Amino acid sequence: MSQAQDIAIGAVRDFWNRRPCNIRHSPKPIGSKEYFDEVEARKYFVEPHIPRFAEFDRWKGKRVLEIGCGIGTETMNFARAGAAVTAVDLSEKSIEIARQRASVYGLSNIQFCQGNAEELTSFIPPGEYDLIYSFGAIHHTPHPERVIEQLRLCSQPGTILKIMVYQRNSWKALQILLHEGHGAFWRFSELVQRHSEAQTGSPVTFIYTPDSVRDLLRGFTTDSVAIEHIFPYRIPDYLQYRYVKLWYFRYLPAPVFRGLERRFGWHLCVNAHFPGRAGATAD
Ligand SMILES: C[S@@+](CC[C@H](N)C(=O)[O-])C[C@H]1O[C@@H](n2cnc3c(N)ncnc32)[C@H](O)[C@@H]1O
């Protein structure tokens, strides 16, 4: 068993309760409409591939299960698009903020559930979802394969699965190795785990290659794996809500930067489906 798999789920929950994902995306008072609007604007400015990947409008009138919803940026957009959303997260604090967010926007078509996705069907009915969506969450649980096992139980033939997990052979992983680990490649997994998030010390962060994520998704048919996202901004400015590119990205022509992202990005965005009928659409 790997060290990450030995970590108790309580340590993962405590980490995300201390600092829910994206909680500092706005300096406005948490819980206000201005705060939530800014969180979304910043997230999609820095990660513009997310709306493209999620395809919110496609899920109108469909049942969407979101795993690791955090403070609910995508959750709101699935709900706004007219989906019936079940949103799950391990962190009570994240769920509390996401609930507040839904009420600020008057969205009543979301069912929030706090719990461990490794035991998903013990607190939500297995059910049959049209879309299972998880962005940046499954790689933070000690046993990702158990989550996938649970997702199979929540699928019907044709269910679409969209997940994002971190990419091993990425610019970000290299930066962590060089800047945080001073090149200590034998500590690679530990370094990535420690420095993968805005707040250091994530108890669990697995990283994948296109092949290893296909293996993880056993029981699903993988339709595409896209590599996305290099963060090009200077961190001290970014923390002050300014977007100043690092000098070497500033002078890079946009098509070259895009080419780098597609090869060395941090996000592996996977489209898959639960087999059982011809075609991979939920329409
Ligand atoms: C990096 S955040 C991503 C949140 C959100 N998807 C987003 O893009 O803002 C990871 C989230 O996964 C949740 N998480 C980690 N392990 C989990 C588990 N076993 N079950 C449910 N949620 C989990 C964490 O609580 C956290 O909110």
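A polar contact is a pair of N or O atoms within 3.5 Å; within protein, one atom must be able to donate a hydrogen and the other to accept it, and residues adjacent in sequence count only if both atoms are side-chain atoms. The model treated here is predicted: local features need pLDDT of at least 70, side-chain atom pairs count only at pLDDT 80 or more, and totals for chains, interfaces and linings use all residues. Residues are numbered from 1 along each chain as its sequence is written, and side-chain values use heavy atoms, with hydrogens and water left out.

**Exercise 1.** Determine which residues come nearest to the ligand, and describe the polar contacts of D89, G68 and K43.

*Solution.*
Step 1. The ligand is surrounded by 22 residues, of which K43, G68, D89, F135 and T141 come nearest; a residue counts as near if one of its heavy atoms lies within 4 Å of the molecule or strand concerned.
Step 2. In D89, a side-chain N or O atom is 2.5 Å from an oxygen atom of the ligand. G68 uses a polar backbone atom, 2.7 Å from a nitrogen atom of the ligand. K43 places a polar side-chain atom 2.8 Å from a ligand oxygen atom.
Step 3. The ligand taken alone exposes 600 Å², and the protein buries 97% of that (Shrake-Rupley method with a 1.4 Å probe; for residues, only the protein chains shown count as cover).

**Exercise 2.** Describe the shell around the ligand by residue class and by helix.

*Solution.*
Step 1. The shell comprises nine nonpolar, nine polar and four charged residues. Here Ala, Val, Leu, Ile, Met, Phe, Trp, Tyr, Cys and Pro count as nonpolar, Asp, Glu, Lys and Arg as charged, and the others, Gly among them, as polar.
Step 2. Helix α2 (residues 9-18) supplies the largest share, three residues. Helices (H or I, at least four residues) and strands (E, at least two) are DSSP runs, numbered from the N terminus.

**Exercise 3.** Establish how helix α3 (residues 33-46) is oriented to helix α5 (residues 73-80), and list the residues in contact.

*Solution.*
Step 1. The axes of α3 and α5 are 10 Å apart, at an angle of about 100 degrees. Axes are lines fitted to C-alpha atoms, for helices over the stretch in contact, and angles run from 0 to 180 degrees between N-to-C directions.
Step 2. Therefore α3 and α5 are roughly perpendicular (under 35 degrees is roughly parallel, over 145 roughly antiparallel, 65 to 115 roughly perpendicular, the rest oblique).
Step 3. V39, E40, K43 and Y44 of α3 touch T73, E74, N77 and R80 of α5, contact meaning heavy atoms within 4.5 Å.
Step 4. This contact has two nonpolar, two polar and four charged residues.
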